[in-house]
Amino acid sequence: MSDHELRVSKIRDGTVLDHLPGGSALNVLAMLDIDGSEGTGVSVAMNVPSERLGTKDVVKVEERELSQAEVDVLSLIAPRATVNIVREYAVREKKQAERPESVRGVLACPNSSCITNAEEPVQTRFDVLEDGVRCGYCEEIIREGIADHLDVA
Ligand code: CTP
Ligand code: ZN
C-alpha cells in the first residue's frame, strides 16, 4: 500500500503486526494481553485491502518489541503474520510467526472435566499439531475455531 493510502500513521518505536487475517486483530491483541491499559499507543486497522491476502488486519503496538515466542503464539490464528520491529521510524527486523511446539496459558480446554477447568485450575498447555492443538492434560483436540478458545479473560 502506498503512503498516501496509509490508514494509520507510521510509528516511531515498537512492533507492527502485518498480514493478519481480516477480522483477527482484536483476537491478536487479546492473545498478547494488550487492552490499552498500558497507556501506550495501539493502532488497529481491520479489513484493509491486501494483494496477498485479499483483506488483512494490521496492529501497531508502540514502545514494545514483541519477542519471537510472543509472536509464535499468534501463528495459531494468524499463520502468515509478519512482525516488523520499528526503531526510530525504520523497520529494523522483520520476522515471521512460526508454529510453536506448545502454548501455555493461551487457550482454554473445551472439556469441562479437564483438570485445567477444575476449581484450583492448572495452567493450560496445548501441544501444536499439524492440523490443530491437543490439550496436554486430557488430550482433547481443537481443530477449528481456535480463536473461540482463547483463555484471555
Ligand atoms: N511501518 C510503520 N511505521 C514505521 C515503519 C513501517 O507503521 N515507522 C509499517 C508499514 O506501514 C507496514 C509495515 O510496518 O505496514 C512494514 O513496513 P515495510 O517493511 O516498510 O513495508 P512492506 O515492504 O510493504 O512490508 P512487507 O514486504 O512485509 O509487506
Ligand atoms: Zn483438557
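In the predicted model, the shell around ligand 1 draws at least two residues from each of three strands, namely S1 (14-21), S3 (54-62) and S4 (82-87). Of the contributing elements, S4 gives the most, supplying three residues. The residues that surround the ligand are Lys10, Ile11, Val16, Asp18, Val58, Lys60, Thr82, Asn84, Val86, Tyr89 and Val91. Sorted by class, this shell comprises six nonpolar residues, together with two polar and three charged ones.

The chain as a whole contains two helices and nine strands, which follow one another along the sequence in the order β-α-β-β-α-β-β-β-β-β-β. Its radius of gyration is 16 Å, close to the 15 Å that the globule rule gives for 153 residues, so the chain is as compact as a globular protein of that length. Along the principal axes, the C-alpha atoms occupy a box of roughly 55 × 30 × 20 Å. Buried residues account for 27% of the 153 residues. Among contacts with a sequence separation of 6 or more, 63% are made by residues 24 or more positions apart.

Two domains are assigned within the chain, domain 1 covering residues 3-96 and domain 2 covering residues 102-149. Their centres, taken over C-alpha atoms, are separated by 25 Å. Six residues from domain 1 and four residues from domain 2 take part in the contact between them, and the side contributed by domain 1 consists of four nonpolar and two polar residues, with no charged residues.

The UniProt record, an unreviewed entry, carries two domain annotations for this chain. The annotation "Aspartate carbamoyltransferase regulatory subunit N-terminal" is placed by that record on residues 6-97, a span that is 15% helix and 42% strand and whose end C-alpha atoms lie 23 Å apart. The annotation "Aspartate carbamoyltransferase regulatory subunit C-terminal", from the unreviewed entry as well, covers residues 103-144. In this second span the end C-alpha atoms lie 16 Å apart, and the composition is 0% helix and 31% strand.

Under the heading "binding site", the unreviewed UniProt entry also lists Cys109, Cys114, Cys135 and Cys138. These four positions span 30 residues in sequence, yet no two of their C-alpha atoms are more than 8.9 Å apart, so they gather at one spot. Cysteine 109 is located in the loop between strand S6 (102-104) and strand S7 (125-129), and with 26 C-beta neighbours inside 10 Å it counts as buried, the cut-off for that class being 20 or more. When neighbours within four places in sequence are left aside, cysteine 109 is in contact with Cys114, Cys135 and Cys138 as well as with Thr116, Asn117, Thr124 and Glu140. Cysteine 135, by contrast, is found in a strand, S8. This residue also counts as buried, having 21 C-beta neighbours inside 10 Å. Not counting residues up to four places away in sequence, the contacts of cysteine 135 comprise Cys109 and Cys114, from the annotated set, and Asn111, Phe126 and Glu140. Glu140 is thus in contact with cysteine 109 and with cysteine 135.

Two glutamates have positive phi values although neither is a glycine. Glutamate 63, with a phi of about 60°, lies in the loop between S3 and helix H2 (68-74), and S3 is one of the strands that supply at least two residues of the shell around ligand 1. With 13 C-beta neighbours inside 10 Å, glutamate 63 counts as partly exposed. Glutamate 139 has a phi near 70° and lies in the loop between strand S8 (132-135) and strand S9 (141-142). Glutamate 139 has 11 C-beta neighbours inside 10 Å and therefore counts as exposed. The loop that holds glutamate 139 follows strand S8, where cysteine 135 is found.

Terms used
Residues numbered from 1 in each chain as written. Chains lettered and ligands numbered in written order. Predicted model: local features only at pLDDT ≥ 70, side-chain atom pairs only at ≥ 80, totals over all residues. Domains from an automatic or database assignment. Contact = placed C-beta atoms within 7 Å. Nonpolar A, V, L, I, M, F, W, Y, C, P; charged D, E, K, R; others polar. Near = placed C-beta within 6 Å. Helix = DSSP H or I, 4+ residues; strand = E, 2+ residues; numbered from the N terminus. UniProt positions renumbered as here; feature names shortened; annotations may be inferred. Rg over C-alpha atoms; globule rule 2.2 N^0.38 Å. Buried ≥ 20, exposed ≤ 12 C-beta atoms within 10 Å, placed from the backbone.
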